[in-house]
Amino acid sequence: FRVVDVKTSPIDGQKTGTSGLRKKVAEFKKPNYLANWVQSLFSSIDGLKGSSIALGGDGRYWNKDAVRIICRIAAANGVAKVLVGQNGILCTPALSAIVRRRELLGGIILTASHNPGGPNADFGIKYNVSNGGPAPESVTDKILTNTKTISTYGMACVEGAEAGTEADPFASVDLSVVGTTEFKSIDGAAFTIDVVDSAADYVELLQSMFDFEALKALFARSDFSFLFDAMSGVTGPYAKRIFVELLGGPADCVMRGEPLEDFGGAHPDPNLTYAADLVASCDPKKSSSAPAMGAASDGDGDRNMILGRGFFVTPSDSLAVIAAKAKVAIPFFKDGLTGVARSMPTASAVDHVATKMGISCFETPTGWKFFGNLLDAGNAQICGEESFGTGAFHVREKDGIFAVLCWLAVLAHENASTKEGELISIESIVSDHWKVYGRNFFSRYDYEEVDSEAGAQLMATVTKVQEDMAAAADSSGSMTLGDFPVKVTTADNFSYTDPIDGSVAKGQGLRFVFADHSRLVFRLSGTGSSGATIRLYAEQYETDEAKQGEDAQVALKPLIDLALKISNLTEITGRSSPTVIT
Ligand code: VG1
Ligand code: CO
């Protein structure tokens with residue numbers, strides 16, 4: 001092949017969001033759109049020449065085409081080897097595992113995660129660095145700067161072909177066949193495409209972390225049953241390999257297990273709204289065969305939802321229970337934990353566990369990239385977000401199937417000596433946890449795709465409320481919000497200083513912390529592809545056992561009503577109810 005410099009000009013709006021660049025497919029398909037971003041990425045990383053990188057995606061529409069384009073730009077930029085997941089597929093945690101295990105320079109993930117897929121829906125791209133985790137802001141800022149000044153990008157082309165950019169010199173590589181193909185440039189540089197098994201490294205890693213024999217014994221119990229919803233996303237084949245082949249679950253314990261380019265037209269987001277079928281199947285009032293445990297993951301396999309029989313485990317509680325049981329239930333954590341971390345909007349359930357265990361607890365901004373340094377430095381071993389994200393130091397991404405295995409391990413551990421027919425349920429494990437640590441009622445309201453200006457206006461309104469409160473604070477600093485009876489101790493826009501590298505992330509969400517540890521948080525999503533998505537988070541701490549069984553929406557109603565009132569949300573957005581309630 002030969003390298004051609006293709007002329008281009010900057011394209012607006014190529015800023016990396018919470019987790020990569022996400023836009024409509026039509027946008028990505030525009031001339032130079034993908035190439036500009038990929039060249040801007042390659043121009044911002046050191047050590048690219050002669051390096052090896054991983055490449056794969058969640059299998060959504062346009063995944064394979066993007067893989068082909070990226071290989072050509074990589075070759076033109078002197079990358080020596082691209083490890084491509086078979087058929088262009090790698091779930092997000094599997095890519096992280098490959099980068100770490102094979103000590104690669106980094107990896108590129110093609111995903112818009114839980115956003116819908118298909119010709120009229122979303123596409124996305126994200127770069128992960130050599131620790132296997134999302135690029136920190138120091139890198140994504142450089143990429144953005146480059147997208148604003150780019151004038152050419154490199155493209156590997158067929159030697160001697162006249163038109164230059166049209167013919168793909170690597171077209172002979174069959175992405176469905178595992179194996180290595182070497183190419184040579186006319187300058188003598190070697191370039192290799194290595195199509196690798198999409199699951200092997202990742203599944204082996206998980207097998208080394210859990211006691212699969214104990215999990216198998218759980219699956220063999222007559223009083224245990226399991227249902228996993230892959231939501232037509234990338235995890236179907238991984239789930240079948242693990243839950244059916246390795247753990248002995250029945251073939252039909254994986255629903256929507258065939259990956260589809262458009263996720264069957266659905267929204268591959270594992271929550272109570274978009275995984276409603278699974279939720280109904282796990283509800284004994286609606287299904288006579290409701291399983292003992294249900295679970296789901298998102299389009300790219302990094303999110304998870306955990307359900308008991310007729311019972312929803314909030315991600316914040318899930319994190320807390322896993323942290324509390326890790327040492328005894330999961331071999332990977334047998335040496336115990338030195339710390340845990342959660343994102344700011346996540347309910348503080350895990351904080352109570354950390355306090356009791358005498359370990360550190362970190363509060364980071366939203367987005368997995370902020371956990372990377374803490375995990376690398378050994379300051380934390382388990383992390384989580386309220387947005388159905390749970391993970392640990394085995395990779396540097398959140399990991400849906402890992403979280404499911406954690407819950408299976410907790411169940412297996414709690415039931416090591418129970419008789420068949422007397423299975424200790426997920427619900428009782430969680431309510432016992434509340435008795436010890438208290439319950440953090442939590443709910444998130446999402447107002448998706450509201451007008452961008454309305455989103456900005458809402459944030460400005462709430463900021464103004466905070467300023468007015470601060471101005472009227474009493475001498476002890478305590479403030480009043482509306483006519484709410486509980487005082488507010490903190491009202492700010494969350495800012496985070498990374499304890500490892502000192503980098504500062506500002507403007508990460510408007511929060512109100514009350515004297516009784518209740519919280520309200522407002523922020524705008526950084527993962528949408530159009531308009532603005534407003535997220536409102538509410539949390540309330542309850543130590544009275546008698547009140548812990550309350551429905552979260554009932555318990556949180558006064559706080560949520562207050563939030564809607566002070567923010568003027570309904571009037572500003574024209575929305576009388578949220579798109580999704582979690
Ligand atoms: C959302 C979640 C955040 C998560 C991010 C990426 O971001 O709130 O917790 O890390 O998605 O998850 P935002 O900015 O839209 O609130 V994924 O599964 O899309 O990689
Ligand atoms: Co995801």
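**A walk through a three-domain chain and its ligand**

Let's start at ligand 1: 18 residues surround it, and the closest are T18, S113, S525, G526 and T527. By class, the shell around ligand 1 has 1 nonpolar, 12 polar and 5 charged residues. Keep in mind that what you are looking at is a predicted model.

Now step back to the whole chain. The domain assignment splits the protein into domain 1 (2–198), domain 2 (201–437) and domain 3 (440–581). The centres of domain 1 and domain 2, taken over C-alpha atoms, are 31 Å apart. Where these two touch, domain 1 brings 29 residues and domain 2 brings 31 residues. On the domain 1 side, helix α4 (residues 92–101) gives the largest share, with 8 residues. What classes of residue make up that side of domain 1? There are 12 nonpolar, 13 polar and 4 charged residues.

Next, have a look at a sheet of 7 strands. It is open, its pairing is mixed, and the strands come in the order β2-β6-β5-β3-β4-β9-β8. At the edges sit β2 (21–24) and β8 (179–184), each pairing on one side only. On average, neighbouring strands here are turned by 15° against each other, direction ignored. Within this sheet, find strand β3 (residues 52–57) and strand β5 (residues 106–110), which pair in the parallel sense over 5 bridges. If you want a spot to zoom in on, L55 has I108 in β5 as its bridge partner.

Two helices lie across strands of this sheet. Helix α3 (residues 63–76) lies across β3, β4 (81–89), β5 and β9 (190–196), and runs at about 175° to β4. Then there is α4, the helix we met at the contact with domain 2; it lies across β3, β4, β5 and β6 (122–128), running at about 165° to β5.

Moving further along the chain, pause at strand β13 (residues 304–308). Is this strand mostly covered or mostly open? It is mostly covered, with 5 of its 5 residues buried. N304, I306 and G308 point one way from β13, while M305 and L307 point the other way. Strand β12 (residues 293–297) runs antiparallel to β13 and is joined to it by 5 bridges; one pair to look for is G294 with L307 in β13. The hairpin of β12 and β13 has 6 residues between the strands, and G301 in this hairpin takes a positive phi near 80°.

β13 has another antiparallel partner, strand β14 (residues 311–313), reached through 3 bridges. Here G308 stands opposite F311 in β14. These two strands also form a hairpin, this time with 2 residues between them, and G310 in the turn has a positive phi of about 65°.

Our last stop is a sheet of 6 strands. This sheet is open and antiparallel, with the order β20-β23-β24-β25-β19-β26. Which strands sit at the edges? They are β20 (488–493) and β26 (580–581), each pairing on one side only. Inside the sheet, strand β19 (residues 439–450) and strand β25 (residues 532–542) run antiparallel, joined by 10 bridges. Along that pairing, R444 stands opposite Y537 in β25. Finally, helix α16 (residues 552–567) lies across β19, β24 (519–524) and β25, running at about 130° to β25.

Notes: Residues numbered from 1 in each chain as written. Chains lettered and ligands numbered in written order. Predicted model: local features only at pLDDT ≥ 70, side-chain atom pairs only at ≥ 80, totals over all residues. Domains from an automatic or database assignment. Contact = placed C-beta atoms within 7 Å. Helix = DSSP H or I, 4+ residues; strand = E, 2+ residues; numbered from the N terminus. Nonpolar A, V, L, I, M, F, W, Y, C, P; charged D, E, K, R; others polar. Pairing = 2+ DSSP bridges. Axes fitted to C-alpha atoms, helices over the stretch in contact; angles between N-to-C directions. Buried ≥ 20, exposed ≤ 12 C-beta atoms within 10 Å, placed from the backbone. Near = placed C-beta within 6 Å.
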